[in-house]
Amino acid sequence: PISASRYQENGVAKLKLILANSGKTPAADCINEVFEGVAAIVKPLPPIPADESKAMRSVSFAASKNEIRVHEESVKISLLEAQAIRKGTHAIYLVGTVTYTDVFKKSRKTYYRLMCSGENFDAGLFVFCDEGNKIN
């Protein structure tokens, strides 16, 4: 991912996730799965949720130097959760993977974690966590 944000559309919170193929070759069978949830800010970060039924899934072809934009309904945030997120004790986490096949027919997987907390909550901005991001 190169960016993620939350925004309102007709009174509904939406998630916009932008993925980019930064390589020089296309990525075939590109599958993005992302889990969005609210949790306390702790170190180390909690493991990736096992319940994949709650993950958003998109499938696409990613040409080289191309972007994929995913727009989905965002997780609902209670008033108490919003207060904790603004205070910086909790965050909205995006925990996901991108799997694809490279031009040499080798399967690849990228893991990512982003969070939205504190002053970023009202702006709807996510930043990368300092752990949980890797490419295989």
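Tyrosine 7 sits across from lysine 14 of strand 2, a handy place to start in this predicted model. The two strands involved, strand 1 (residues 3-9) and strand 2, run antiparallel and are held together by 7 bridges. They make a hairpin, with 2 residues in between. Asparagine 10, in that turn, takes a positive phi of about 55°.

Strand 2 turns up again in the nonpolar interior. The largest nonpolar core counts 18 residues, and Leu17, Leu94 and Phe126 have the most contacts inside it. Two or more residues each come from strand 2, strand 3, strand 5 (67-73), helix 1 (79-87), strand 6 and strand 7. A second core, separate from this one, has 5 residues, among them Tyr93, Val95, Met115 and Cys129. As a general backdrop, nonpolar side chains in soluble globular proteins tend to be buried together.

Leucine 94 deserves a look of its own. Leaving aside residues up to four places away in sequence, leucine 94 touches Ala4, Leu15, Val34, Phe35, Glu36, Tyr112, Arg113, Leu114 and Phe126. Phe126, then, is both a contact of leucine 94 and one of the residues with the most contacts inside the largest core.

Now for the empty space. The largest pocket holds about 490 Å³. Its lining is made up of 21 residues, with Ala20, Asn21, Ser22, Tyr100 and Thr110 lying closest to the centre. Strand 2 (12-20), strand 3 (27-40), strand 6 (90-101) and strand 7 (107-116) each give two or more residues to that lining. By residue class, the lining splits into 13 nonpolar, 5 polar and 3 charged.

Of the residues closest to the pocket centre, threonine 110 can be followed further. Threonine 110 belongs to strand 7. Its relative accessibility is 16%, so threonine 110 counts as buried, the cut-off being under 20%. Once residues up to four places away in sequence are set aside, the contacts of threonine 110 are Gly96, Thr97, Val98, Tyr100, Lys134 and Ile135. Tyr100 is thus a contact of threonine 110 and also one of the pocket residues listed as closest to the centre.

Proline 44 gives a contrasting case. Proline 44 is found in the loop that runs between strand 3 and strand 4 (56-62). With a relative accessibility of 61%, proline 44 counts as exposed, because the cut-off for that class is over 50%. Proline 44 and aspartate 130 are 86 residues apart along the chain, and 9.9 Å separates their C-alpha atoms.

How values were computed
Residues are numbered from 1 along each chain as its sequence is written. This is a predicted model: local features need pLDDT of at least 70, side-chain atom pairs count only at pLDDT 80 or more; totals for chains, interfaces and linings use all residues. Side-chain values use heavy atoms; hydrogens and water are left out. On a 1 Å grid over the protein atoms alone, a cavity is a set of points where a 1.4 Å probe fits but cannot get out, and a pocket is an open set with protein on both sides within 12 Å along at least five of seven lines; lining residues have an atom within 4 Å of a point. Grid points are joined across faces, edges and corners, and a volume is the space filled by probe spheres set on the points. Helices (H or I, at least four residues) and strands (E, at least two) are DSSP runs, numbered from the N terminus. Ala, Val, Leu, Ile, Met, Phe, Trp, Tyr, Cys and Pro count as nonpolar, Asp, Glu, Lys and Arg as charged, and the others, Gly among them, as polar. Buried means under 20% relative accessible area, exposed over 50%, partly exposed in between (1.4 Å probe, protein chains only). Contact means heavy atoms within 4.5 Å. Two strands pair if DSSP finds at least two bridges between them. A nonpolar core is a set of buried Ala, Val, Leu, Ile, Met, Phe, Trp, Tyr and Cys residues joined through side-chain atoms within 4.5 Å.
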